[in-house]
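Work through the exercises below with the sequence and the structure at hand. Each task is followed by a solution in steps.

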Amino acid sequence: MTPGIPIWFDAEKFREQGQRIIDDLATFLEDSTTGNAAQVLPWRDENAQYDAWKELLDRDIELEELFREVCSASIRLHHPRYLGHQISPPATASALAGFVADTLNNGMGVYEMGMAGTVMERLVIEMLARQFGFADSASGFLTSGGSMGNLTALLAARNTADPDVLEAGNRDQQYAVMISEQAHYCIQRAAGIMGWGRQGIITVPVDEHYSMRVDLLPELYDQATRSGKRVVAVVGSACSTATGAYDDLAAISQFCSQRDLWFHVDGAHGAAAAFSQKYRCRLDGIELANSVTLDFHKLLLVPALATAVVFRDAGQSYVSFAQKAEYLFDEHVPESQWHNLALRTFECTKAMMSLKVISVLAEHGLAAWDANVTQLYDLANKFADMIDETPAMELLVRPQSNIVCYRYVPANAEQANAINRDVRERLLHEGKFYVVQTISDGTHWLRTTIGSSLTTTEHLGQLLEEVTRIGQQLESQARGVC
Ligand SMILES: Cc1ncc(COP(=O)(O)O)c(C=O)c1O
């Protein structure tokens, strides 16, 4: 140890500990990717978990042991039987990038605090803009999550419609945004944050594919304006969270240009289809959007959080927070300030997300994203076929992405909700598979997001067997048969 250097900065210790920790993590990863770990999720309820951790942390514990304990109490995203929420198993390159970025801890708010990260961020956005079919005039930035990305884009929409609002406030204006009834709840939260309230959300029903009924937009818009609302934007979901359905982006864009409305695409999950030769057609019309949000941490092998907000017109990427912060920036000339990212993001101190994205590209190229998205979407289709072929199993809707909703159908239809809720609970507690649930029109559905390219039809077949087995058991119990 070098004299005068505090122990928490000791480079030699860092080197030795780091090697042992990477060894442990590699074993954890191997047990997950091979499926050797018997459980995807080592379920323990929250109170027991609290007690166990309290006891553990009440005594002296080595760093390596602490990390091992964390791993053993954590859900395994790389496991082929992880089929739950939409978080990508990170590529090893990207996990290492996180380690490097955290060690450097460069802030991305002002250029001089994170020169390499800032420039990589611009390159990531340019790559994405090309992928969406935007012209060179597009621009954008990375931010902390899809919810933040959508809020930022809607702020830009409102401030473009009413350039005074940032200074003067909403005054008596009732701003509103039109969204599909399947849109992610963060849009409603954004409306709440902006002071629009529930009144600020105009919900558009969906069709039999769970896509927005674009044909209803004119009528709903007219109703809203007649009642005094000032509609500033329409959000297209690409895709929706619950069922993975894509809205017709080209049709929404046409409506928006007729009414001079901002068109935002919430592509947090499914704009990643832009990288798939086979499935990019799901995004036809995205190139006409004013803004698009995409989470790299959902389908693109990057750890959370890494979200892009891309604006078709570079100038519009500056209007969400167009306020002065002289202590950060020498002059307030937005377009020439592309490199001072805090002008455009809610974050002041911002993590170096670009490195996590760039690391996957540097190591594997765009082909990895094409392969990953295509394989996951293909497999979801096959899973839907398997569900159709399984007795007592019902598919909610044909999947358009890697999200599949289905349910066990008991003989007594009245028991269906309770049984499916309990099936999911049993799966959770047994820990062999991780699936989630959604409720649509009062009906409980099991929801599977196929997020790992290690999952095969064999795993999905085993899942359907498990669901059937548990469903039948619960049915028998409900009938009082032991
Ligand atoms: C369509 C959609 N939009 C937004 C979000 C929110 O993204 P984040 O969890 O990164 O905040 C999600 C998350 O699942 C989503 O599916």
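The exercises go from the whole chain to the ligand site and then to the backbone; the model is a predicted one.

**Exercise 1. Overall form**

Task: Find how many helices and strands the protein chain has, and compare its radius of gyration with that of a compact globule.

Solution.
Step 1. The protein chain contains 15 helices and 11 strands.
Step 2. Along the principal axes, its C-alpha atoms fill a box of roughly 75 × 70 × 40 Å.
Step 3. For 482 residues, a compact globule would have a radius of gyration near 23 Å. The protein chain has 24 Å, so the two values agree.

**Exercise 2. The surroundings of the ligand**

Task: State which pocket the ligand sits in, how many residues surround it, and which helix gives the most to the shell.

Solution.
Step 1. The second largest pocket holds the ligand.
Step 2. The ligand is surrounded by 14 residues, and the closest are Gly146, Ser147, Thr241, Asp266 and Asp295.
Step 3. Sorted by class, the shell around the ligand consists of three nonpolar, eight polar and three charged residues.
Step 4. Two helices, α6 (146–161) and α11 (296–299), each supply at least two residues of this shell. The most comes from α6, with three residues.

**Exercise 3. Polar contacts of the ligand**

Task: List polar protein atoms that lie within 3.5 Å of an oxygen atom of the ligand, then say how much of the ligand's accessible area the protein covers.

Solution.
Step 1. Start with the backbone: a polar backbone atom of Gly146 is 2.8 Å from an oxygen atom of the ligand.
Step 2. Go on to side chains. Thr241 has a polar side-chain atom 2.8 Å from a ligand oxygen atom, and for a polar side-chain atom of Lys298 the distance to a ligand oxygen atom is 3.2 Å.
Step 3. On its own the ligand has 390 Å² of accessible area, of which the protein covers 85%.

**Exercise 4. Backbone details in loops**

Task: Locate the cis peptide bond from Ala238 to Cys239, the one that joins Ala304 and Leu305, and Asp260 with its positive phi.

Solution.
Step 1. Between Ala238 and Cys239, omega is near 5°. Cys239 belongs to the loop between β4 (229–237) and α10 (249–259).
Step 2. Between Ala304 and Leu305, omega is about -5°. Leu305 is in the loop between α11 and β7 (307–311).
Step 3. Asp260, a residue other than glycine, has a phi near 55°. The loop between α10 and β5 (262–266) contains Asp260.

Methods:
Residues numbered from 1 in each chain as written. Predicted model: local features only at pLDDT ≥ 70, side-chain atom pairs only at ≥ 80, totals over all residues. Heavy atoms only, no water. Near = heavy atom within 4 Å. Polar contact = N/O pair within 3.5 Å; in protein donor to acceptor, adjacent residues only side chain to side chain. Areas by Shrake-Rupley, 256 points an atom, 1.4 Å probe, with all protein chains shown as cover. 1 Å grid on protein atoms, 1.4 Å probe; cavity = no way out; pocket = protein on both sides within 12 Å on 5 of 7 lines; lining within 4 Å. Sits in = over half its atoms within 2 Å of the grid points. Helix = DSSP H or I, 4+ residues; strand = E, 2+ residues; numbered from the N terminus. Nonpolar A, V, L, I, M, F, W, Y, C, P; charged D, E, K, R; others polar. Rg over C-alpha atoms; globule rule 2.2 N^0.38 Å.
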